[in-house]
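Work through the exercises below with the model open. Try each task before reading its solution.

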Amino acid sequence: MDQNRTEALNELAEELQEVNETLTPLEALTWVEVLWEDFEATLARAGEKYQGEAVAVRFVQQQIKQHGPMLHRFNTTNEKFKHLMIGRDDQSFN
C-alpha cells in the first residue's frame, strides 16, 4: 500500500473515531479499510473505471457520516465482517 493511501486510511479512521468513540483505533482502521475495499470491489464488479483514491475517500467519508456512529452495533453473518463483531454485546442490528 502506498504512503498516500495509508495516510488517507489513517485520517479516515480518525474521522470515524470522532463520531464513534466505542471503536478502538484498530477497529476504526479496519472498518475504514473494509469500506474502501468494498467500494473498489463494487466498482470492479460493475465494470466501472476506477476514478482514483479521492473518490474512494469521499465514499468512505459519506459512509462515516451516515453510519459511523452506529458501526459498533453492526451485526452480520458475512465472514468478511465477522472479525469486527468479536466481543460486541447484544446491541447489534442487521
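**Exercise 1: one helix**

Task: compare the length of helix α3 with its expected span.

Solution. Helix α3 covers residues 53-67, 15 residues in total. From first C-alpha to last it reaches 21 Å, close to the 21 Å expected at 1.5 Å a residue. The expected span is 1.5 Å times one less than the number of residues. Helices here are DSSP runs of H or I with at least four residues, and strands are runs of E with at least two, numbered from the N terminus.

This is a predicted model: local features need pLDDT of at least 70, side-chain atom pairs count only at pLDDT 80 or more, and totals for chains, interfaces and linings use all residues. Residues are numbered from 1 along each chain as its sequence is written, and side-chain values use heavy atoms, leaving out hydrogens and water.

**Exercise 2: the buried face**

Task: which residues of α3 are buried, and what covers them?

Solution. Buried means under 20% relative accessible area (1.4 Å probe, protein chains only). In α3 that gives V55, A56, V57, V60, Q63 and I64. Their cover includes α1 (3-19) and α2 (25-45).

**Exercise 3: the core**

Task: find the residues that touch the most other members of the largest nonpolar core.

Solution. Such a core joins buried Ala, Val, Leu, Ile, Met, Phe, Trp, Tyr and Cys residues through side-chain atoms within 4.5 Å. The largest has 19 residues; L12, L16, L23, V32, W36, V60 and I64 touch the most other members. α1, α2 and α3 each give two or more residues. α2 gives the most, seven.

**Exercise 4: the whole chain**

Task: how many helices and strands does the protein have?

Solution. Four helices, zero strands. Of its 94 residues, 33% count as buried.

Key. Buried < 20%, exposed > 50% of the residue type's maximum accessible area, 1.4 Å probe, protein only. Contact = heavy atoms within 4.5 Å.
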